[in-house]
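Let's take a walk through this protein together, one piece at a time. Have the sequence and the 3D view ready, and follow along.

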Amino acid sequence: MSEPRTVRYGADPSQVAELSLPEGLPRGVVVVIHGGFWRARYDRDLGRPLARGLTEHGWAAWNIEYRRVGNGGGSPHTLDDVHAAIETLADLDLPLGQVLTVGHSAGGHLATWAAARGRSARWPTSVRVTGVVSQAGVLDLRTAYDERLGDGAVEAFLGHPPGPDDDPVDPLRNVPLDVPVHCVHGVDDDVVPVTQSRAYVAAARAAGATAEVHEVPGDHFVVIDPDHDAWACTLELLDGL
């Protein structure tokens, strides 16, 4: 494995990503999207252990940073950045037949949204996401707002309480997707409750999509612990996508 290569995809200091490559030809690309309720005090450091684990497993890892609430982010700017970071993959001489997104918490929201972004004229898409693994993702913005997850994080991200105009950026209201979505979630998660994944998967399957919830023992963070069985579950799911 090589050392991560830092790539800028825009002029803002947060518009940066790290590319990690395995030995030999990558089996595909996994876009790693960190969580932290879209807030600026959390950054791509959270994704680095996962990127290392992915390259050890034969994947190219694209660990992206983006503008967050508190440093110019929030909707739609955070979404603009995630879109731009994924589109930049087209310039990096990588095999793009399989581009998967993996995101934790708010990153799970962004990872799932990324598979639907091409539906909007704002985000014309040339690099297609072919599968999603959401790790304890915030997938129902309206319920997350009602339950005040992250101490009001949804309202801070949107800039207002969620309403019908926000449906294009709310994963639950973008079903069905035409790619598989797997939700890995700790049953004892008291930060983002497992009901977020259950509700998304139920809605997606009712709409005819391929979606599964994989409930694992543990809290909000076991899913991003490379030494936990939950990470082994994520790697297995990626292998099957």
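Before we start, one term: two strands count as paired if DSSP finds at least two bridges between them. Keep in mind, too, that what you're looking at is a predicted model.

With that term in hand, go to strand 6, residues 131-135, and strand 7, residues 181-186. These two pair in the parallel sense, over four bridges. One of the residues to look for is Val132, whose bridge partner in strand 7 is Val181. Now turn to strand 5. Strand 5 and strand 6 also run parallel, and five bridges join them. Here you can find Gly103 standing opposite Ser134 in strand 6.

Now zoom out to the whole sheet. It's an open one, made of eight strands in the order 1-2-4-3-5-6-7-8, and its pairing is mixed. Which strands stand at the edges? They are strand 1 (5-8) and strand 8 (211-216); each has a single partner strand, so one side of each is left without a neighbour in the sheet. The sheet isn't flat, either, in the sense that neighbouring strands are turned by 20° against each other on average, direction ignored.

Helices come next. Helix 1 (residues 48-56) packs on the sheet, where it touches strand 2 (16-20), strand 3 (29-33), strand 4 (60-64) and strand 6. Its direction makes about 170° with that of strand 4. Helix 3, residues 106-114, lies across strand 3, strand 5 (99-104) and strand 6, and runs at about 155° to strand 5.

How much of helix 3 is buried? Nine of its nine residues are, so to speak, tucked away: the helix is mostly covered. The buried residues include His109, Thr112 and Trp113. Strand 6 has a similar story to tell. Five of its five residues are buried, so it is largely enclosed by the rest of the structure. Look at either face and you find cover: Gly131, Val133 and Gln135 are buried on one side, and Val132 and Ser134 on the other.

Step off the end of helix 1 and you come to Gly58, in the loop between helix 1 and strand 4. Which residues does Gly58 touch, leaving out those up to four places away in sequence? They are Pro22, Leu25, Pro26 and Arg27. Take Pro22: it sits 36 residues from Gly58 along the chain, yet their C-alpha atoms are separated by 5.3 Å.

Asp80 is another residue to visit, and its place is in helix 2 (residues 77-87). Is Asp80 buried or exposed? The cut-off for buried is under 20% relative accessible area. Asp80 has 18%, so it counts as buried. Beyond its neighbours up to four places away in sequence, Asp80 touches Arg67, Arg122 and Trp123.

What about the empty spaces? The largest pocket has a volume of about 220 Å³. Of the 19 residues that line this pocket, the closest to its centre are Gly35, Gly36, Tyr42, His104 and Phe221. By class, the lining divides into nine nonpolar, eight polar and two charged residues. There is also one cavity of 30 Å³ or more. The largest cavity has a volume of about 50 Å³. Among the residues lining it are Thr112 and Trp113, along with Pro168, Asp170 and Tyr200. Its lining has seven nonpolar, two polar and one charged residues.

Finally, a few details of the backbone. Most residues other than glycine have a negative phi, and most peptide bonds are trans. Against that background, look at the bond joining Ser75 and Pro76, which is cis, with omega about 5°. Pro76 lies in the loop between strand 4 and helix 2. The peptide bond from Val175 to Pro176 is cis as well, with omega near 0°, and Pro176 lies in the loop between helix 5 (153-158) and strand 7.

Then there is phi. Asp93, in the loop between helix 2 and strand 5, has a positive phi near 55°. Ala136, in the loop between strand 6 and helix 4 (141-146), has a positive phi near 55° too. Which is buried and which is exposed? Asp93 is exposed, with a relative accessible area of 77%, whereas Ala136 is buried, at 0%.

Methods
Residues numbered from 1 in each chain as written. Predicted model: local features only at pLDDT ≥ 70, side-chain atom pairs only at ≥ 80, totals over all residues. Heavy atoms only, no water. Axes fitted to C-alpha atoms, helices over the stretch in contact; angles between N-to-C directions. Contact = heavy atoms within 4.5 Å. 1 Å grid on protein atoms, 1.4 Å probe; cavity = no way out; pocket = protein on both sides within 12 Å on 5 of 7 lines; lining within 4 Å. Points joined across faces, edges and corners; volume = space filled by probe spheres on them. Nonpolar A, V, L, I, M, F, W, Y, C, P; charged D, E, K, R; others polar. Buried < 20%, exposed > 50% of the residue type's maximum accessible area, 1.4 Å probe, protein only.
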